[in-house]
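Let's take a walk through this model together, one region at a time. Keep the structure open beside the text and turn it as you read.

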Amino acid sequence: MAGPVGPAREGRPLDVYQAVTSRRAVRAFTGEPVPRAVLDRVLSTAAHAPSGANLQPWRSYVLTSAPLAELKKRTAERVAAGDPGDAREYEMYPPRLKSPYRERRFAAVQQRYAALGISRADRRARSRAVAANWDCFGASTALFCYVDRDMGPAQWADVGMYLQTVMLLLRAEGLHSCPQMAWSVYRRTVADVISPPDDLILFCGMSIGFEDTSTPRPRIERAPLAETVMFLDG
Ligand SMILES: Cc1cc2nc3c(=O)[nH]c(=O)nc-3n(C[C@H](O)[C@H](O)[C@H](O)COP(=O)(O)O)c2cc1C
């Protein structure tokens, strides 16, 4: 079995805190292939993620090499043709985001584009940055996570825990990731390549690989703890 490919290979295993704080949505990858044995290890370990009644409602498909190249090509054709995407199976966000979520979303977008040197007015550069989603930001590996249509909010939350577990384990291997709901926009093309059973809904894709450290790496700030956590201690 292949050994770790990142910090662990260099004799510096990450502790959980480091894995959590070093995980970012990475949007520039080198394209270097990820050893299959490492993916096996990450995904078999991520199966330990908790789920209500142990339903394990996630279903992952991992694409590399020719199938991923085909998916990127077909999707790029749709993007180039100005195709707005497929009918939605779920809404990514509420139609009108209320405060403080609206401001947080605005701030995240600002921080990201500021780091890339893209101005608010530069719509072409912004479109290019969005389109990079469907090239998996250059990553050699992509995971597509589906959930059964019969499942409700509690099981979708289970899927979120599973995906975060995958992303933290990837950090332990020296790899990075970017979860991508953007893939749900072109879900039919994903389905054409993957052929999932009809009873599954694509929740999101996830680009996986080695970070290209030559591009800017924005840090997206979090709300102050008091905005999201309340201690009731007498
Ligand atoms: C479920 C989910 C879907 C996401 N979808 C996308 C996406 O389609 N494209 C993208 O560039 N980032 C996507 N992100 C990344 C978020 O924008 C990012 O996690 C957030 O801005 C915080 O930044 P950080 O992860 O770098 O700390 C997604 C994150 C999650 C959890």
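A good place to begin is Ser207, which is buried because 27 other C-beta atoms lie within 10 Å. Please keep in mind that this is a predicted model. Ser207 has its place in strand β4. Which residues does Ser207 contact, leaving aside its neighbours within four places in sequence? They are Phe29, Cys136, Phe137, Ala139, Ala142, Ser177, Cys178 and Gln180. Another residue to locate from here is Met167: Ser207 and Met167 are 40 residues apart in sequence, and their C-alpha atoms are 10 Å apart in space.

Two of those contacts, Cys136 and Phe137, deserve a pause for their backbone. Most residues other than glycine have a negative phi, and most peptide bonds are trans. Cys136 has a phi near 55°, a positive value in a residue other than glycine. Phe137 also has a positive phi, about 55°, although it is not a glycine. You will find Cys136 in the loop between α5 (123-131) and β2, and Phe137 lies in the loop between α5 and β2 as well. Are these residues buried or exposed? Cys136 is buried, with 26 other C-beta atoms within 10 Å, and Phe137 counts as buried with 23 C-beta neighbours inside 10 Å.

While we are on backbone geometry, have a look at the peptide bond that joins Ser99 and Pro100: it is cis, with omega about 5°. Pro100 lies in the loop between α3 and α4 (101-116).

Now back to Gln180, another contact of Ser207. Gln180 lies in strand β3, residues 176-180. Gln180 is buried, since it has 21 other C-beta atoms within 10 Å and 20 or more are enough to count as buried. Not counting residues up to four places away in sequence, Gln180 touches Asn133, Cys204, Gly205, Met206 and Ser207. Gln180 and Tyr61 are separated by 119 residues in sequence and by 14 Å in space, C-alpha to C-alpha.

From Gln180, step across to Met206. Setting aside neighbours within four places in sequence, Met206 is in contact with Ala142, Leu143, Cys145, Leu163, Ser177, Cys178, Pro179 and Gln180. This residue also leads us into the core. In soluble globular proteins, nonpolar side chains tend to be buried together. Here the largest nonpolar core has 43 residues, and those with the most contacts inside it are Ala142, Phe144, Cys145, Val166, Met206 and Ile208. At least two residues of this core come from each of α2 (36-46), β1 (58-64), β2 (141-148), α6 (153-172) and β4 (200-209). Which element gives the largest share of this core? That is α6, with 9 residues.

Let's follow α6 outward to its packing with α2. Two packed helices are described by the angle between their axes and the distance between the axes. For α2 and α6, the angle is about 140° and the axes are 9 Å apart. The two helices, α2 and α6, are therefore oblique to each other. The crossing in which α2 passes α6 is right-handed. On the α2 side, Val42, Leu43, Thr45 and Ala46 meet Tyr162, Thr165, Val166, Leu169 and Leu170 of α6. Sorted by class, the contact of α2 with α6 has 7 nonpolar, 2 polar and no charged residues.

Our last stop is a second helix pair, α3 (residues 65-80) and α7 (residues 187-194), whose axes come within 10 Å and cross at roughly 150°. That angle makes α3 roughly antiparallel to α7. Again, α3 passes α7 in a right-handed crossing. The α3 residues Pro67, Glu70, Leu71, Arg74, Thr75 and Arg78 meet Thr189, Val190 and Val193 in α7. The residues of this contact of α3 with α7 divide into 4 nonpolar, 2 polar and 3 charged. As you turn between the two pairs, note the charged residues: the contact of α2 with α6 has none, while the contact of α3 with α7 has 3.

Technical notes: Residues are numbered from 1 along each chain as its sequence is written. This is a predicted model: local features need pLDDT of at least 70, side-chain atom pairs count only at pLDDT 80 or more; totals for chains, interfaces and linings use all residues. A nonpolar core is a set of buried Ala, Val, Leu, Ile, Met, Phe, Trp, Tyr and Cys residues joined through C-beta atoms within 7 Å. A residue is buried if 20 or more other C-beta atoms lie within 10 Å of its own, exposed if 12 or fewer, and partly exposed in between; C-beta atoms are placed from the backbone. Helices (H or I, at least four residues) and strands (E, at least two) are DSSP runs, numbered from the N terminus. Two residues are in contact if their C-beta atoms, placed from the backbone, lie within 7 Å. Axes are lines fitted to C-alpha atoms, for helices over the stretch in contact, and angles run from 0 to 180 degrees between N-to-C directions. Angles under 35 degrees count as roughly parallel, over 145 as roughly antiparallel, 65 to 115 as roughly perpendicular and the rest as oblique. A crossing is left-handed if the near helix is turned anticlockwise from the far one by less than a right angle, and right-handed if clockwise. Ala, Val, Leu, Ile, Met, Phe, Trp, Tyr, Cys and Pro count as nonpolar, Asp, Glu, Lys and Arg as charged, and the others, Gly among them, as polar.
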